[in-house]
Each structure stands twice: as structure tokens, then as C-alpha cells.
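Work through the exercises below with the sequence and the model open. Each task is followed by a solution in steps.

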Amino acid sequence: MFHIFQYQPLRLITQNSLSSVCLKLMLSRPVAFAQIWKSWLSSHSLLGKKNIILMGPPGAGKTTVGRIVGQKLDCPVIDIDDDVLETTWNMSVSEKLQDVGNEEFLEEEGKALLKFSASGSVISLSGSNPMHAAGMQHMKKNGIVVYLDVPTTVIMSRLKSKEMDRIVGLSPGISLKDILQFRKQFYKRWFDIRVLCGGDIAAEVVAEKVLDAVKRYQDSELETFISTRSSRSGRSTEEDSHKFYFSDVVTQGLALDGGLFVPERGLPKFTAEEWQGLIEATYTERAQVILERCIHPDDIPASKLAEIIETAYGENFSCSKIAPVRHLAGNQFLLELFHGPTASFKDFALQLMPHLFAYCIPRSCNYLILVATSGDTGSAVLDGFSRLHDTDKQRIALVNFFPEDGVSPIQKSQMIGCQKENAWSVGVKSDFDFCQTAIKQIFTNSDFTGFLTVEYGTALAAANSINWARLLPQIVYHASAYLDLVHQGIISFGSPVDICIPTGNFGNMLAALYAKMMGIPIRKCICASNENNVLTDFIRTGVYDLRGRKLVSTFSPAVDILKSSNLERYLHLIANEDGQLVTKLFNQLENQGHFQLRKDLLGKLQQDLVAGWCSHEDCLAAIHSVYSTTGYILDTHTAVAKVVADRLQDRTCPIIISSTAHYSKFAPAILRALRIAEINQNPLSQLHLLSSYSALPPIHWGLLETLKKTGNGDHQVCAADMTALMSHIETLIQNHFM
């Protein structure tokens, strides 16, 4: 067996003589002693007996980076090609490849890995090592695999000037690009950590990124969460004895003090080079890279996260681009977020979140998910949780509360039709704000939640946008939209864009602000409201005032909201994580119906946000105008954003309008906007009529099929009463879990 043991001069010294040498060095050259000691401790704490294993395509710079990392850690460096394979074979890698051919070469290479052993070293793999499963399993037993992820175009450029006779698989008819693309599946299978490497990045910089990534991998303590109602200087009383990690916040949803969870150290920042490395990437590839940096591998390993992302976005979206960007007119572009199975932007989070949740929760407890929806969330969350594995459905159930008379007929039919054996819809005789507030109060009712745990072994969790796992996937599509504009040649990276979003609960808007914080060059976020324009007033004045306001039922029900939950996260951010201030503001809102921001905080807010609102009439007029001039049909929410964008944009940069739902979901309003005189009240007939227009985008056939199969069905209806809601919850738990 081929052995490499960690070799350091200090280890050759006996314990007694080591003490003597250290004492002399410390007394005679204290600075030098401190540097040597610090280096020794650094390598010891970072590596121990583990290896750092560098993996990546040919030309990724594994050997050069490995030498630099080894030098910084003062530990052995092993290049598999030069130090293992060629030593074992007594011939060069290129000679061996020519001698035995591709398939036999991979087998011989794998056998050499299986005989290899090392400890406390930096190891540079060959580009083809990851293609041998047994060999890689052996290597991973005592190593942390770091994937140097270099864009294919950069690798192609680097390899132009190099000999190509060492690359397995290269032959007439098979291009280097094909080989590089083929190998990605193996790299993605084995890595523990990904390090993004741009085109012009120096090897020294990559080495530092490797060391930083390994430190992060080994220390999950760096990525804890706090409540918006606590401060960085100290957690609130309920949280003093406990740290919260990603798995905890996904499971718990709402903090014990009534606040919302946020990362204690903020979100990761990407460099311009790292973002540019994702320009050629697919949506799922971008999602994995971004989410890997936001979710610690102790919570969800990279390989499992990749599996979850592929499950969520692989086949469930009708468009291969997942979230395509379409030019509308002038400087306006539409980010189409309705290609998921239930035809709204909620699918992006709710195809992913159930699988994250199922992975994170303990196996010893049942969970009931509580959801409040103003329309689109209901069907999306029902569909998402219905796609869990059968074993997960047995321990995870869901109840969806929606305003019985506050959603569109198609939305209601869809929510009722999406009910499954572990998921139900309950209509509430009130509005969305009541449903959302009721869920918050239930979560903070320790007597009730404790009773459910003791009596039924069931814990409650949330799947609304107050859950961090709902918010996180939305960051991806805002970043992806910008990268798509760069890829299409509309802008160069670094050029600013504005974003306009129809906004109710502020989650989608907050995700865009988070993308900006992570390095996407977003200039202004434009908040678009309908007649329920409390957010518009707040952004303009700093006064959040619900006194005397009544919720208005509009054609854009998803933004018929007066209390915007995720606004709390944003205010916590701009207030420098001052949880006491946030607590004061939202207690005042709850008790007195209003609060006012300080001038300095309003100034910060207005650097990020501008706002406007749109009337019923202007919404319908925009739908008609856009269809008349472009043949494209906007849904009612997107039309609200279009109207506000027209009023507030300065046309000095592109503006991306979030198209948050497919127009099929709001057929009566769309038909009215298109000036159809007689509208059949049957939702299925309405969709058939819309399909006759041959408009862009086409009718959402998934929605059409759902309505064909299910009709209206049955659902439960509940009074707007907390006791009644809790009774419903207990009954559902009894029926499903007992």
C-alpha cells in the first residue's frame, strides 16, 4: 500500500528536547516563535488527521493551488498524477493512457487510489479520478473534498496552450467541451465544498478561498440565526440557552419571542468574478451554488442539497429555463415566475421547501404545517408537500387556511382540488390578515403547542414566507434574472437594473433586497401596491398606519394585505439588528395600529425602495393595452407592477418586472380587461375561452388539467375565531396521526 504520513521537523524532536528547543526559541526570537506556533496550530486545527482533497477539471489549477495551500498549512502536498500514478506505473500518465486506452486507464487509476493512504495532507486529484466510484469513496473516508469550480469557457481557454494527451476520453468526434460537461456530474457527486474560480483569479486568491471554505465547513457555529426581536449584543430571554441553526429555523418557523429568524452574521457575499462565473450556468446550477453558500453542510450536505434542487426544479416546471426573462417593450423585461405546477412564483420556494423540511426535522416527531394564504400560496404548498415520499407524508401533514371569499374562483378551485391525503384546505370567514395573525398567535401559544406535543406527539411548523426556507429560494430567481440579461447581451456585468415587484407580504421584495446585498447590481426596488397601499404610504412617509384602514378586495388578491410580515426582517436589517427597536415598533403596531420610523432609518429605506400603487381601472387598462400592442397577456398582479413601473422608472437602465402569476388564474378579470361582454362563471369555460386567443404566454395547461380532474370538490369552512381554528387543528391531527 502506498503511504504518505505527515512529516514536520518538530515531530522528530522528543518531548523533552521539544520543550527545550521551544523555550530557547521563545526567549531568543519571540516573534519567530509566535509565527511558527501559530502556523503549527493553524494546520493542526484545520486538518488534524484529515486531508484536503482538491478536485476539478483539467486546467482548474489543482496542483498549483494545492502547493500554496500546503505551504500555508506547512503540511505535505501530494499530486496524484505525479506522486502516485506515475510512481506506481513507472511511466507518464500520457504513456499509460496511450498504452491501455480510456476504460482500462480509469480502472487502473482507481486501483491506485484504493491502495493510497495519507493523513494531514493536501492532495490534488487528477481530473478523471472522480469517475471511479470506489476510489473516491476510499478518498472521502479521510478527507474533505474541495471542488474547484471553474467555468467551462475558462478551462477551454486555459487548455488551448497545453498538451492534451493526458485527458481521458478525448478522441476524434468527442470535443473537449463535451468531456468537461460530462465530467461535471461526477464532480457534483463527490464534493463537500465548492470554491468558485473565475477566469483571471490568481492561484493565491483561490488558495485563500479554499482555506476559508474549509474553515466554514468545519465550524457550523459561524452560521447561527437570531430573532428579529433580539439584538446582536444578546439573545432574547427565551433563546439564551439555545443556538439556532438552519435546521432549527426551518423546523420552528417563528421565533419563540414572536420575531422572525435571520442569519446572525448576515448573508454571504459573492464577488463580481463569482457571479460572472454563473452567467453560463443553468437555473438549477445557479440555485445550487447560491444555496450552498446560505445553508451550512452540517444542516444539509452539498450532495443532498443537489438532489433536493434537482427534484424540485428538474421536471416540475413547464419551461426548461425555469424562470425565463422576456423582453416586453422598451427597457422593460418580464421575469416569468409562473411556469411551475401551480402557476405562480410561490412554486419556486414550495417545490423546494418541503424537501428541505423533511430532511431537517427529527424522525421521532410528527409535524403539522400551518399555512395562511391570500391565494397562490395555498395550491403551491399543497402541491409541494404532496410530492414528498410516502414515508414523509406519514409524519408530515399540512392545513392551509385561506379567506373563504377573498380569493379568485380559479384559485379557490385549485386549492380545493390540490388537497391530498396529508394536506387540507380550510376556508376562513375573514380576510388574509386575520388568517396570518391567527397562525402567529397559535405558534406563540405555548399552552396549545405544548398540549399538541404531549397529547399527540405532534409539533407545529410554518410554511408561509415567515419561514426562512420559503424566503431563501426566492433570492435565486432575482439573481438569475440579472445574470440572464448579461448572458443575453442586454447589459454587461456591473451595469445596474431596477426591479419592480407587486408586493403584499414583502417576501418577494425582501428576496430582491437580499440578492442586492449578496452582490447583484440592483439599483432600486420598486414596490407596487393595489388599493391596499399601506406599504406605499409607509415607504413614502415612514409611517405604518393601519388605523381606519379596511382591506379592499381587488383583482390582485395576492397583494390584498395590510400587515406585511417580512417587512420586520428588513427593518431589523436597516436598524443594524436592533431587536429592541423592532420589538417596540411591532408591539406598537399590534397594540395601537401604527408606528413611525426615525428619520435616519427612513433615509436608509428610501435608498433601497420606492413605491407606488395602482387602481382597479388602471390595472385592467394595462392588461388591455399590453395585449393590444404586444399580444402578451399580463396577469392582474403583473399589471399592477407594470403601471407602477411606467410611473416611477427613469428609463436610464433596464427594469425587471416580476410576473408573479399566470393570467389563467384570474380569468374573469382578464376577460373583463379584454372587454369580453359575457363571461361564463364556470372556471373551466373561462380558461377555454382564454385559450382561444392564442396569446403569449400560452394557457397554463397544468392548471387546466387540474381543474378538469378535480372540479370544485369539498372543503371545510371555519368561523373567524381562534378557538374554532385550534379545534380544527386538533381534529386534523387526530384524524391523520392517531
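**Exercise 1: the sheet**

The model is predicted, and in it 6 strands form an open sheet with mixed pairing, in the order 10-11-21-16-17-20. Task: state which strands are the edge strands of this sheet.

Solution. Step 1: look for strands that pair on one side only; these are strand 10 (325-329) and strand 20 (609-613). Step 2: check the twist; with direction ignored, neighbouring strands of the sheet are turned by 25 degrees against each other on average.

**Exercise 2: one strand pair**

Task: find the sense in which strand 11 and strand 21 pair, and the number of bridges.

Solution. Step 1: locate strand 11 at residues 332-336 and strand 21 at residues 655-659. Step 2: their pairing is parallel and runs over 5 bridges. Step 3: as a reference point within the pair, take L334, which has I657 of strand 21 opposite.

**Exercise 3: helix 24**

Task: list the buried residues of helix 24 and name elements that cover them.

Solution. Step 1: helix 24 spans residues 534-541, and V534, L535, T536, F538 and I539 are buried there. Step 2: the cover over these residues includes strand 17 (522-529), strand 18 (543-545) and strand 19 (594-596), along with strand 20. Helix 25 (567-574) and helix 27 (599-608) also belong to this cover. Step 3: go just past the helix to G542, where phi is positive, at about 85 degrees.

**Exercise 4: the domains**

Task: give the domain bounds and the separation of the domain centres.

Solution. Step 1: the assignment places domain 1 at 49-216 and domain 2 at 312-338 + 475-708. Step 2: taken over C-alpha atoms, the centres of domain 1 and domain 2 are 45 Å apart.

Terms used: Residues numbered from 1 in each chain as written. Predicted model: local features only at pLDDT ≥ 70, side-chain atom pairs only at ≥ 80, totals over all residues. Heavy atoms only, no water. Domains from an automatic or database assignment. Pairing = 2+ DSSP bridges. Helix = DSSP H or I, 4+ residues; strand = E, 2+ residues; numbered from the N terminus. Axes fitted to C-alpha atoms, helices over the stretch in contact; angles between N-to-C directions. Buried < 20%, exposed > 50% of the residue type's maximum accessible area, 1.4 Å probe, protein only. Contact = heavy atoms within 4.5 Å.
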